[in-house]
Amino acid sequence: IPSSLLRHPLIDYAALGHIHGGSVTRIGGTLACYPGSARVWREGEEGPRRVLFADTSSVPLKAEAVSLKSAGRFLRVSVPAAADGPLSFSREALLGAAPEDWVRLEASGVVEDEKTAAEALRGLAKELETSVRRVTVDAGGLEVLAGISTHPLALRFIQGWESLASRYESPE
């Protein structure tokens with residue numbers, strides 16, 4: 001809808017739709033409201049889902065966003081992969097995830113064999129499907145370097161890295 005149509009002096013409120021990200025703005029004297037999606041429909045729709053409560057008794061009109069806790073969220077979960085294929089995933093990454101949520105597993109790392117890492121990622125997704133509304137995977141962050149897990153330079157780097165990491169791990 002062209003914004004010029006909303007500049008009419010007799011229009012106080014315009015309830016608009018189809019924009020998945022919500023907004024409330026004034027166009028001339030008109031309160032133009034896009035509530036956004038009440039549910040996550042596409043990957044990347046982050047932030048709370050909501051409806052707008054319009055107070056027509058006030059002058060000028062006001063609209064207040066009301067979050068829908070039961071609508072679900074879009075959550076990105078980082079899943080690092082080791083050179084020989086295993087995934088480093090902790091259930092703590094999903095603390096607070098609800099059955100209404102959409103989880104996107106984003107794998108990253110340098111791996112020996114992309115097929116092994118991809119299979120592990122699909123297995124993890126299948127396991128999580130029972131606890132959330134939808135699970136999708138993104139393996140675009142994986143780099144394949146055949147022979148990396150046995151290369152002497154890579155092995156020394158990993159040993160040094162683990163040595164440094166152990167210094168900074170918090171005692172349990």
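What sits over the ring of Trp 102? In this predicted model, the answer is the charged end of Arg 134, which is placed 4.3 Å from the centre of that ring. Trp 102 also turns up in the aromatic count, which comes to just one pair. The pair in question is made by Phe 74 and Trp 102, and its geometry is edge-to-face, with 5.9 Å from centre to centre and 70 degrees between the planes. An angle over 60 degrees is what earns the edge-to-face label. Phe 74 belongs to strand β6 (residues 74–80) and Trp 102 to strand β7 (residues 102–111), so the two rings tie together parts of the chain that are 28 residues apart in sequence. Neither partner is out on the surface, as Phe 74 and Trp 102 are both buried.

Strand β7 comes up again with the charged side chains. Seven salt bridges are found in the structure. One of them brings together the side chains of Glu 43 and Arg 104, at 4.0 Å from N to O. This is a link between distant parts of the chain, since Glu 43 is in the loop between β3 and β4 while Arg 104 is in strand β7, 61 residues apart. The two ends of the bridge are covered to differing degrees: Glu 43 has 39% relative accessibility and so counts as partly exposed, whereas Arg 104, at 16%, counts as buried because the limit for that class is under 20%.

A further salt bridge joins the side chains of Glu 106 and Arg 76, with 2.9 Å between N and O. Here too distant parts of the chain are linked, with Glu 106 in strand β7, Arg 76 in strand β6, and their places 30 residues apart in the sequence. Both residues fall in the partly exposed class, Glu 106 with a relative accessible area of 22% and Arg 76 with 42%. Arg 104 and Glu 106 also meet each other through their side chains, in a salt bridge of 3.2 Å, N to O. Put together, salt bridges with shared partners make one network out of Glu 43, Glu 46, Arg 76, Arg 104, Glu 106 and Asp 138.

The loop that carries Glu 43 is also home to Ser 37, which lies between β3 (30–34) and β4. Is Ser 37 buried or exposed? With a relative accessibility of 8%, Ser 37 counts as buried. Leaving aside residues up to four places away in sequence, the contacts of Ser 37 are with Ile 19, His 20, Glu 45, Arg 49 and Arg 50.

Strand β4 itself (residues 50–55) holds Phe 53. Unlike the buried ring of Phe 74, Phe 53 is exposed, because its relative accessible area is 53% and the class begins over 50%. On the surface, Phe 53 joins Val 51 and Val 66 in a nonpolar patch, and the three together have about 250 Å² of accessible area.

Note on methods. Residues are numbered from 1 along each chain as its sequence is written. This is a predicted model: local features need pLDDT of at least 70, side-chain atom pairs count only at pLDDT 80 or more; totals for chains, interfaces and linings use all residues. Side-chain values use heavy atoms; hydrogens and water are left out. Patches are made of residues with over 30% relative accessible area and no salt bridge: like charges are joined within 9 Å, nonpolar side chains (Val, Leu, Ile, Met, Phe, Trp, Tyr) within 5 Å. Accessible areas come from the Shrake-Rupley method with a 1.4 Å probe; for residues, only the protein chains shown count as cover. Helices (H or I, at least four residues) and strands (E, at least two) are DSSP runs, numbered from the N terminus. Buried means under 20% relative accessible area, exposed over 50%, partly exposed in between (1.4 Å probe, protein chains only). Rings of Phe, Tyr and Trp (its six-membered ring) pair if their centres lie within 6.5 Å; planes under 30 degrees apart count as stacked, over 60 as edge-to-face and the rest as tilted. A charge sits over a ring if NZ of Lys or CZ of Arg is within 6 Å of the ring centre and within 35 degrees of the ring normal. Contact means heavy atoms within 4.5 Å.
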